[in-house]
Amino acid sequence: MEGVRPGGAPPAAAGGPGSGSVPSLFPPGLHGIYGECRRLYPDQPNPLQVTAILKYWLGGPDPLDYVSMYRNLGNPALNVPEHWHYVSFGLSDLYGDNRVHEFTGTDGPSGFGFELTFRLKRETGESAPPTWPAELMQGLARYVFQSENTFCSGDHVSWHSPLDNSESRIQHMLLTEDPQMQPVQTPFGVVTFLQIVGVCTEELHAAQQWNGQGILELLRTVPVAGGPWLITDMRRGETIFEIDPHLQQERVDKGIETDGSNLSGVSAKCAWDDLSRPPEDDEDSRSICIGSQPRRLSGKDTEQIRETLRRGLEINSKPVLPPINAQRQNGLNHDRAPSRKDSLESESSAAIIPHELIRTRQLESVHLKFNQESGALIPLCLRGRLLHGRHFTYKSITGDTAITFVSTGVEGAFATEEHPYAAHGPWLQILLTEEFVERMLEDLEDLNSPEEFKLPKEYSWPEKKLKVSILPDAVFDNPLH
C-alpha cells in the first residue's frame with residue numbers, strides 16, 4: 001500500500017535538507033538524490049510524494065521507498081510542454097547499512113546504479129500530478145529486484161497494457177537518460193537517472209527490429225510524440241510512423257538494413273524437441289522440454305548465455321559466443337550493465353547438473369516451439385541478427401530451455417556447418433547459413449502479420465530436418481498436456 005503526502009524528507013528524518021535537520025540524521029544516499037532534485041526545482045522543496053507505507057526492507061511489497069512528483073514548466077523555446085516529473089528513490093542505496101543493498105564501495109554503482117524518472121504531459125486544468133506513474137515505477141523496480149537485472153539507456157519494456165490502465169495506445173516503454181538530471185556521486189556509489197518513455201506497439205516493434213536508441217532519436221524529432229525531452233502524452237493517438245510515414249522507410253528500414261538489430265535475445269515461451277530418435281532414457285533431450293523433472297542449465301551454461309546476451313549488442317566487431325568457461329566480468333560490457341547475479345540462473349541450484357557431466361550432442365533433426373509473441377520475433381532474429389553475422393537467444397520463462405540461433409560468422413558456437421544442430425544440456429544451438437535464412441524469411445512471411453493466422457501453425461523444411469511450430473500459450477503454461 002502507498003500513501004501520498006508532501007515530501008522533501010523521509011519520516012525518519014527530522015526534516016528535509018534545508019529544513020534545519022541535522023545532516024547526519026538524513027540518509028546520505030537519499031540526501032544526494034534530493035540535492036539533484038533541489039538543483040532542478042529550488043522552488044519546490046517539499047514536492048508531493050508517493051510513499052511505501054511498509055518499506056521493502058521491513059517486508060513490504062514495494063521496493064521504492066518514495067516517488068517524488070514535481071511540476072516542470074517545460075521550455076517554450078524548445079517546444080517542450082509543461083509536465084509532471086517523477087523521480088524514484090530506492091533502486092540506489094539510500095542508507096548504506098546493507099538493509100536493502102550491499103555496500104560495495106564509493107567508486108562503483110550505488111545499489112543497482114540508477115533511479116527511474118518519468119515525464120508526463122500535464123493536462124489543461126490539472127492541479128496535481130496523477131499517481132499511477134508511481135505504481136508503474138514500482139512495477140519496474142519489482143522486476144529489477146526480483147531478477148537483479150539492471151536497465152540501461154535504449155532498453156525496451158514490453159508492457160502489453162496502457163500504462164495508465166486506460167484505452168491509450170501508449171502500452172510499452174523505452175528507457176533513456178533523463179535530459180536534465182545529472183549523475184550523482186553519493187558516499188555509496190554513483191547514481192544515474194533513467195527516464196521511462198511511453199511508446200505505442202508499432203514503435204516498440206521498430207525498436208526491437210532496429211534499436212532503441214534509433215527510435216528514441218526519432219521520437220525526439222516529433223514534438224507530439226515526445227520532443228527533445230521525451231515527454232509521454234497518454235492521449236497521443238498516432239504513432240510516429242502515422243504522423244510521418246517517411247520515417248519507417250527512410251530511417252527504420254534503412255537502419256535495419258545497415259545496422260541490423262541490437263536485440264540479442266529475449267525471455268520467451270519456447271521449447272524444443274530432438275526428433276532424431278524417440279526418447280529412450282533420461283539423456284534424451286526431449287526430457288529437457290517436456291516432463292515433470294526438466295533438466296536444468298548448469299551454472300557455466302547460464303554464464304555463457306548471459307554473456308551471449310550482453311555481448312550480442314556489440315555491432316562493430318566480429319560476434320563471438322563466450323567460451324563455456326567464461327568468468328563473470330565486472331563493470332559495463334558493450335552498452336549493457338551486468339546483472340548482480342546470473343540472469344538465467346536456475347531457481348533451484350541443487351538441481352543443477354555438474355557442467356563436466358553434460359556432453360555436447362549433435363542432433364540430426366529438431367522441432368522448435370514458440371508461442372505467438374515469441375514466434376513473431378523470428379523474422380527479427382533472422383533479418384536483423386543472423387544476416388548481419390550475429391546470434392539471437394530465446395530463453396524460456398517457464399523452464400531452463402534455451403535456443404540460440406547463430407550465423408556462420410559467429411565464433412565460439414558448438415553448432416557447426418557440418419553439425420548445425422547441437423545441444424549442451426537444455427541449451428540448443430542452431431546454425432543457419434545465409435541462403436537458408438533467406439529462404440526461411442520467405443516461408444515465414446506471414447509471421448509479420450500474426451493476427452491473420454490461426455494457431456497452431458507449423459512450418460517445415462524436410463531436407464533440413466527442421467520444424468517450427470507456433471502454439472497457443474496454454475501449451476507452455478501446462479507442457480504436460
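This report describes the fold, cores, helices and selected loop residues of a predicted model.

## Overall make-up

The chain has 481 residues, and 53% of them count as buried. Its secondary structure consists of twelve helices and 19 strands. Among contacts with a sequence separation of 6 or more, 66% are between residues 24 or more positions apart.

## Nonpolar cores

The largest nonpolar core holds 36 residues. Within this core, the residues that touch the most other members are Leu-368, Phe-370, Leu-382, Tyr-394, Ile-403 and Phe-405. Leu-368 can be followed further: with neighbours within four places in sequence left aside, its contacts include Ala-271 and Trp-272, Ile-403 and Phe-405, and Leu-428 and Ile-430. The list for Leu-368 also takes in Leu-466, Lys-467, Val-468 and Ser-469.

A second core, separate from this one, has 29 residues. Leu-120, Met-173, Leu-194 and Met-234 are among its members.

## Helix H2

Helix H2 covers residues 132-147, which is 16 residues. At 1.5 Å a residue the expected span is 22 Å, and the end C-alpha atoms are 23 Å apart, so the model agrees with the expected value.

The buried residues of H2 include Pro-133 and Ala-134 at one end, followed by Leu-136, Met-137, Gln-138, Gly-139, Leu-140 and Ala-141. Val-144, Phe-145 and Ser-147 in H2 are buried as well. Just after the helix, Glu-148 has a positive phi of about 60 degrees.

## Packing of H3 and H4

Two packed helices are described by the angle between their axes and the distance between the axes. For helix H3 (residues 201-209) and helix H4 (residues 212-221), the axes come within 7 Å and the crossing angle is roughly 135 degrees. H3 is therefore oblique to H4.

On the H3 side, the contact involves Glu-203, Ala-206 and Ala-207. These meet Gly-212, Ile-215 and Leu-219 of H4. Sorted by class, the residues in this contact are four nonpolar, one polar and one charged.

## Loop residues with positive phi

Asn-165 sits in the loop between strand E6 (156-157) and strand E7 (172-177). Its phi is near 60 degrees, a positive value in a residue other than glycine. Asn-165 counts as exposed because its relative accessibility is 70%, where the cut-off for exposed is over 50%.

Leu-230 is in the loop that runs between H4 and helix H5 (240-243). Phi of Leu-230 is near 55 degrees, again positive in a residue other than glycine. In contrast to the exposed Asn-165, Leu-230 is buried, with a relative accessible area of 2%.

## Leu-73 and its loop

Leu-73 belongs to the loop between strand E3 (66-72) and strand E4 (83-89). With 64% relative accessibility, Leu-73 counts as exposed. Apart from neighbours within four places in sequence, Leu-73 is in contact with Val-80 and Glu-82. The C-alpha atom of Leu-73 is separated by 9.9 Å from that of His-85, a residue twelve places away along the chain.

## A cis peptide bond

Leu-455 and Pro-456 are joined by a cis peptide bond, with omega about 0 degrees. Pro-456 lies in the loop between helix H11 (434-443) and strand E18 (457-461).

Key. Residues numbered from 1 in each chain as written. Predicted model: local features only at pLDDT ≥ 70, side-chain atom pairs only at ≥ 80, totals over all residues. Heavy atoms only, no water. Axes fitted to C-alpha atoms, helices over the stretch in contact; angles between N-to-C directions. Helix = DSSP H or I, 4+ residues; strand = E, 2+ residues; numbered from the N terminus. Parallel < 35°, antiparallel > 145°, perpendicular 65-115°, else oblique. Contact = heavy atoms within 4.5 Å. Nonpolar A, V, L, I, M, F, W, Y, C, P; charged D, E, K, R; others polar. Core = buried A, V, L, I, M, F, W, Y, C linked by side-chain atoms within 4.5 Å. Buried < 20%, exposed > 50% of the residue type's maximum accessible area, 1.4 Å probe, protein only. Expected span 1.5 Å × (residues − 1).
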